[in-house]
Amino acid sequence: MHSQGNTKMFRSYQSVLPATNKLLQMKWDQTYYKEHRRLVKEAQPMVDTRAPATYMHLHLKLKKLQLEEERLATIERDNRILLEKMSYIMRTRGRVDNRNNYEYKSLNREKRQRELLRVTKENQSILKRIMLRQPEYSAKKWQREWEENQSFLDNISHFPKDWWLEDRSKTSLTLNNSKTSLNRSRTFNNGDRQKTFAENSPYNKPQPGVSRGGTLIDNNQSRSQTAASQKKRPVSKSNKDEEEEEMEA
């Protein structure tokens, strides 16, 4: 039956190349195809894509492990020896006495003491010379010369000493006097005290009884006589000026 099936199959086989015997041509083609598939399956790659080789001495460092074991063994031996010593001390009184009767003795103690005494004497002598030394510069002389220079400056100066303080105090007194004089000039002695200052302002019409600074001037007196009388007349200070002088003091 199997041979009959093959005979029927080769009759329908269509060969690529013309052949006189279709059965043989089909067998030959199948053999070539199987050989081709085997070669393809067993073909080696041209590029090696495998993982690199693993070396045990790079991952497992035996020398390092050996050194670590030796270190642990040394620590273990030292601990065991220390434990034996501690147990022996606990069981007995030990081999070492805590008492120490040794007295420290220095070989150059006397020399160092003599050197210390010498340095101390030298320091005391230096201090004594410094304390007995008279100063090269005299503070009293400097003060006297400074006062003389100040007197010379006062003699040749155009303005007196601390003139700006006096000028400021005089200015404040003058302003206070001008305010009081203006308040007084608002009222007149003509019996009409209800007139306002705006109606009788010195800017609207001249008033011979009031000077430019605001002080009252007698018409019969001259300017020089008025200035002399103002210098002779004591000026009363206000409370504000007294407070300012106290603050400056």
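This report walks through the fold, the surface and a few side-chain pairings of one predicted chain.

A word on the ground rules first. Residues are numbered from 1 along each chain as its sequence is written, and side-chain values use heavy atoms, with hydrogens and water left out. Since the model is a predicted one, local features need pLDDT of at least 70 and side-chain atom pairs count only at pLDDT 80 or more, while totals for chains, interfaces and linings use all residues.

**Overall picture**

The chain has nine helices and zero strands, and reading along the sequence gives α-α-α-α-α-α-α-α-α. Helices here are DSSP runs of H or I with at least four residues, strands are runs of E with at least two, and both are numbered from the N terminus.

How much of the chain is buried? Buried residues come to 6% of the 249 residues. Buried means under 20% relative accessible area, exposed means over 50%, and partly exposed is in between (1.4 Å probe, protein chains only). The accessible surface adds up to about 24,900 Å², with 55% of that belonging to carbon and sulfur atoms; these areas come from the Shrake-Rupley method with a 1.4 Å probe, and for residues only the protein chains shown count as cover.

As for contacts (heavy atoms within 4.5 Å), take those between residues at least 6 apart in sequence: 29% of them join residues at least 24 apart.

**A buried glutamine**

Gln25 sits in helix H2 (residues 22-41). Is Gln25 buried or exposed? With a relative accessible area of 15%, Gln25 is buried. Leaving aside residues up to four places away in sequence, Gln25 touches Tyr13, Ser15 and Ala19.

**Salt bridges**

There are eight salt bridges in the structure, each one a side-chain nitrogen of Lys or Arg within 4 Å of a carboxyl oxygen of Asp or Glu. Here are some of them:

| Acidic partner | Basic partner | N to O distance |
|---|---|---|
| Glu42 | Arg38 | 3.2 Å |
| Asp48 | Arg50 | 2.9 Å |
| Glu115 | Arg118 | 2.3 Å |

How open are these partners? Asp48 and Arg50 are both exposed. Glu42 is partly exposed at 48% relative accessibility, and Arg38 is partly exposed too, at 36%. For the third pair, Glu115 has a relative accessible area of 39% and is partly exposed, and Arg118, at 37%, is also partly exposed. Glu115 and Arg118 are three residues apart in helix H5 (residues 109-132), so about one helical turn separates them. Elsewhere, salt bridges with shared partners tie Glu35, Arg38 and Glu42 into one network.

**Helix H5 itself**

H5 has 24 residues and runs 35 Å from its first C-alpha to its last, close to the 34 Å expected at 1.5 Å a residue. That expected span is 1.5 Å times one less than the number of residues. Where does H5 lie? Zero of its 24 residues are buried, so H5 lies largely in the open.

**A nonpolar patch**

Which residues make the nonpolar surface patch of about 410 Å²? Met56, Leu60, Leu62 and Leu65 do. Patches take residues with over 30% relative accessible area and no salt bridge, joining like charges within 9 Å and nonpolar side chains (Val, Leu, Ile, Met, Phe, Trp, Tyr) within 5 Å. Leu65 is found in helix H4 (residues 62-91), and its relative accessible area of 42% makes Leu65 partly exposed.
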